[in-house]
Amino acid sequence: MDTQAILSNASIIAEQAGVILRKKFEQPIKHMTKSSDIDIVTEADQEAELFISRELLRLYPEHHLVGEEGGGQGAPIDTATYHWYVDPIDGTTNFASGIPHFCVSLALTDADRKPIVAVIYQPMTDDLYTAIKGEGAKRNGKPIQVTETSKLVQSVVGSGFPYFKHTKPDNNTKQWAEFTKKVRGIRRMGSAALDLAYVAAGRFDGYWEPSLKPWDVLAGVLLVEEAGGKVTDYQGGNRQQWDEKGRFVSSNSHIHQEMLNIIKESYDW
Ligand code: IPD
Ligand code: CA
Ligand code: CA
């Protein structure tokens, strides 16, 4: 398969979705709630996803596609060799509040859900992060790499919180408190896909978060790995965890063990 051609098509589609999002961002933004009062969706999420899934399936009707807002489409999930995971806006809370930090995240995986092609596009900065398995990661066409920071105390890390944070105890507040005391800087930017892209681009030294979905992370995971970094679950393994809690730790690899140690000590297993 021609992964370079797929990457270039997916990049164009993500940039065109970005045009839709920039336009919607300038208008009054209404939102509807989803799983709870804090979990929201806007018309822009729906319109961008409709556009992305229509374009991808027009080019690749033999692929299966999973979109955050639309569920599964395209070829049957059980027989398709390739699968798209689409997050039309990662960072909807930012988008709906007029905060210009959000992105379109597209990942193509094989039948085992291992990412092969990744595209993350940030419309308000016009940054395009891309990766192909085995061929490295790029930002706007230029190779990117993770940092060389070797100590957690010298690191800047990111994280985020699940939408059930106000009702369930497994809400990352304990880990956030522990990390806060042990790093140079800690950020909650509001887009898991961009958090991972930031690790890949050497802006963050590390990032962790529980309760993430495949469309939040698959593109970012490939970016980090292709930029020389590491992504594991909370125990340091790399098994698939989509049916469980989706807990991820990513880093430049040098500070990974220190990050896992904090999680190990503070997490209620
Ligand atoms: C969310 C963002 C956020 C993360 C949440 C995600 P959405 O995705 O990535 O940073 O903390 O866990 O669900 O809802 O904006 O697509
Ligand atoms: Ca998301
Ligand atoms: Ca989303």
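Q: How exposed is Asp126?
A: Good place to start: in this predicted model, local features need pLDDT of at least 70, side-chain atom pairs count only at pLDDT 80 or more, and totals for chains, interfaces and linings use all residues. Residues are numbered from 1 along each chain as its sequence is written, chains are lettered from A and ligands numbered from 1 in written order, and side-chain values use heavy atoms, without hydrogens and water. Asp126 is partly exposed (between buried, under 20% relative accessible area, and exposed, over 50%; 1.4 Å probe, protein chains only). Its relative accessible area is 48%.

Q: Where does Asp126 sit?
A: Phi of Asp126 is positive, near 60 degrees, and the residue is not a glycine. Taking strands as DSSP E runs of at least two residues and helices as H or I runs of at least four, numbered from the N terminus, its place is the loop between β7 (115–122) and β8 (127–132).

Q: Which residues coordinate the calcium ion (ligand 2)?
A: Donors are N, O and S atoms within 2.8 Å of the metal (3.2 Å for Na, K and Ca); water is not among the atoms, so sites may look incomplete. The donor residues are spaced D-x2-D-x125-D in sequence. At 2.1 to 2.2 Å, the OD donors come from Asp87, Asp90 and Asp216.

Q: Which residue bridges the calcium ion (ligand 2) and the calcium ion (ligand 3)?
A: The two ions lie 3.7 Å apart. The bridging residue is buried, as is Asp90. It is Asp87.

Q: How many residues of α6 are buried?
A: Helix α6 spans residues 214–226. Among its buried residues is Asp216. The buried count is twelve of its 13 residues.

Definitions and conventions:
The expected span of a helix is 1.5 Å times one less than its number of residues.
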